[in-house]
Amino acid sequence: GRRQMAALETMTRCSRDEFDAHVRARRPALMRVSAPTDAADWERRLLEDLRGVRLPVRFQRSRPRAPAARIAEYMRGALHATLGPRHAVDELLLGKARWAVSGIDVRCEALRLGRAWAMAAVDGALPPAERRVPVREKTGCWVSSAGWVTDLHWDAYGPHNMHLLVAGSKRVLLFPPSEGARLACYGGLRYGLRFAAAVDPGRPDLGRHPAFARAQGLEVLLEPGDLLFIPAFWWHYVESQGRVNASFTRWWYEPAGEHPCEPALPGRPWTHLNLARFLLWEPLALGVVGLWGLVAGLWGPLALGLG
């Protein structure tokens with residue numbers, strides 16, 4: 001059965017000072033913000049604006065339990081998005097494939113409206129400019145189908161994360177940095193896999209990762225208008241549950257000396273064995289699976305289950 005986790009309380013009203021208290025305490029926060037339009041109407045406008053627009057799409061064929069297989073699946077999807085054919089979102093919705101698009105850069109009025117709404121909500125909650133580093137702030141846009149999963153990780157380079165859902169629904173699992181050992185984080189490299197974890201919280205294999213049974217985390221169910229603050233270096237896992245899920249993210253940093261430091265990662269033997277496995281035989285597996293995925297992607301929509 002599903003592992004029981006504590007729920008994160010939703011704040012319907014949150015002043016900037018109250019939110020800043022969460023930032024200083026390095027605690028996640030969930031805020032409900034008002035939407036400029038009905039969520040269902042916004043989703044309809046989004047699909048109309050994207051009708052026929054062909055985009056680089058990532059696909060998830062399956063959700064393998066083995067960490068190596070999940071990494072290989074991720075790489076296959078990345079190769080397809082980079083080198084494979086483009087796909088139209090309205091065509092994808094006719095099939096059963098799990099897909100996601102990130103970094104959309106198209107002339108889409110619905111996305112511009114959603115971005116303006118998201119950034120206004122974020123700017124209204126963020127600490128004052130003197131407590132941030134504006135030149136390092138970045139914004140991302142994500143659109144995904146039901147069933148898409150983002151594996152357990154913390155954001156590379158350790159920014160704070162403000163995530164606003166504008167359409168669909170998502171289940172998010174959060175774990176503090178101190179739980180890294182129980183999550184089987186890979187660690188061991190200054191740049192690379194240190195922000196990835198081997199555990200699949202959605203379907204944990206306790207035979208492979210028994211320590212996860214003792215991990216303490218939070219569960220969040222996001223609906224349109226929910227603004228989630230994920231502190232730097234917090235682990236998070238995301239399941240897309242709506243027919244079409246769209247969200248915007250603002251990554252930001254506090255000034256030097258105030259921003260959280262990267263946590264020390266466990267140096268146990270299994271960590272180094274995991275790294276050795278990645279460095280020795282998994283590159284070959286990734287290459288083979290990635291090549292196969294590229295060929296399958298170029299084969300056409302039928303190969304992706306869209307026919």
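Which residue in strand 13 is the bridge partner of leucine 164? Leucine 227 is. That pair comes up again in the last view; everything shown here comes from a predicted model.

**View 1. The whole chain, before zooming in, has seven helices and 15 strands.** Of its 307 residues, 51% are buried. Now look at contacts with a sequence separation of 6 or more: residues 24 or more positions apart account for 87% of them. The close-ups below pick out a few of the helices, strands and loops behind those totals.

**View 2. Helix 2 covers residues 39–50 and has a buried face.** Start with a quick geometry check: twelve residues at 1.5 Å each should span 16 Å, and the end C-alpha atoms of helix 2 are indeed 16 Å apart, so the two agree. The buried residues here are Trp42, Glu43, Leu46, Leu47 and Leu50. Looking down the axis of helix 2, you find them within an arc of 135 degrees, so they line one face of the helix. What sits over them? Among the elements covering these buried residues are strand 4 (54–55), helix 4 (89–92) and helix 5 (109–125). Strand 10 (160–167) and strand 15 (244–252) are also included in that cover. Just past the end of helix 2 comes glycine 52, with a positive phi of about 80 degrees.

**View 3. Helix 2 meets helix 5.** Two packed helices are described by the angle between their axes and the distance between the axes. For helix 2 and helix 5, the axes come within 7 Å and cross at roughly 135 degrees. These two helices are therefore oblique to each other. On the helix 2 side, the residues making the contact are Trp42, Arg45, Leu46 and Asp49. On the helix 5 side, they are Glu109, Ala110, Leu111, Leu113 and Gly114.

**View 4. Arginine 45 is a helix 2 residue to zoom in on.** Is arginine 45 buried or partly exposed? Arginine 45 is partly exposed, with a relative accessible area of 28%. Setting aside neighbours within four places in sequence, arginine 45 is in contact with Glu109, Ala110 and Leu113. Cysteine 108 is worth finding too: 63 residues separate it from arginine 45 in sequence, while the C-alpha to C-alpha distance is 9.2 Å.

**View 5. Aspartate 20 sits in helix 1, which runs over residues 16–25.** How does this acidic side chain's residue score on accessibility? Aspartate 20 is buried, with a relative accessible area of 12%. If you ignore residues up to four places away in sequence, aspartate 20 touches Pro127 and Arg131.

**View 6. Strand 12 belongs to an open sheet of five strands.** The order is 1-12-11-14-9, and the pairing is mixed. Strand 1 and strand 9 (149–153) are the edge strands, each pairing on one side only. Strands of a sheet pair through backbone hydrogen bonds, either parallel or antiparallel. Strand 12 (residues 218–222) has four of its five residues buried, so to speak mostly covered. With strand 1 (residues 6–7), strand 12 pairs in the parallel sense over two bridges; one to look for puts alanine 6 with leucine 218. With strand 11 (residues 170–175), strand 12 runs antiparallel, joined by five bridges. Along that pairing, arginine 171 stands opposite leucine 221, and valine 172 stands opposite valine 220.

**View 7. Glutamate 179 lies in the loop between strand 11 and strand 12.** Buried or exposed? Glutamate 179 is buried, with a relative accessible area of 7%. Apart from neighbours within four places in sequence, glutamate 179 is in contact with Arg214, Ala215 and Gln216.

**View 8. A second open sheet holds eight strands.** Follow the order 2-3-13-10-15-8-7-5 across the sheet; here the pairing is mixed. At the edges are strand 2 (10–11) and strand 5 (58–60), each pairing on one side only. Strand 10 and strand 13 (residues 226–230) run antiparallel and are joined by four bridges. This is where the opening pair turns up: leucine 164 with its bridge partner, leucine 227 in strand 13.

Technical notes. Residues numbered from 1 in each chain as written. Predicted model: local features only at pLDDT ≥ 70, side-chain atom pairs only at ≥ 80, totals over all residues. Heavy atoms only, no water. Buried < 20%, exposed > 50% of the residue type's maximum accessible area, 1.4 Å probe, protein only. Pairing = 2+ DSSP bridges. Expected span 1.5 Å × (residues − 1). Arc of directions from axis to C-beta. Contact = heavy atoms within 4.5 Å. Axes fitted to C-alpha atoms, helices over the stretch in contact; angles between N-to-C directions. Parallel < 35°, antiparallel > 145°, perpendicular 65-115°, else oblique.
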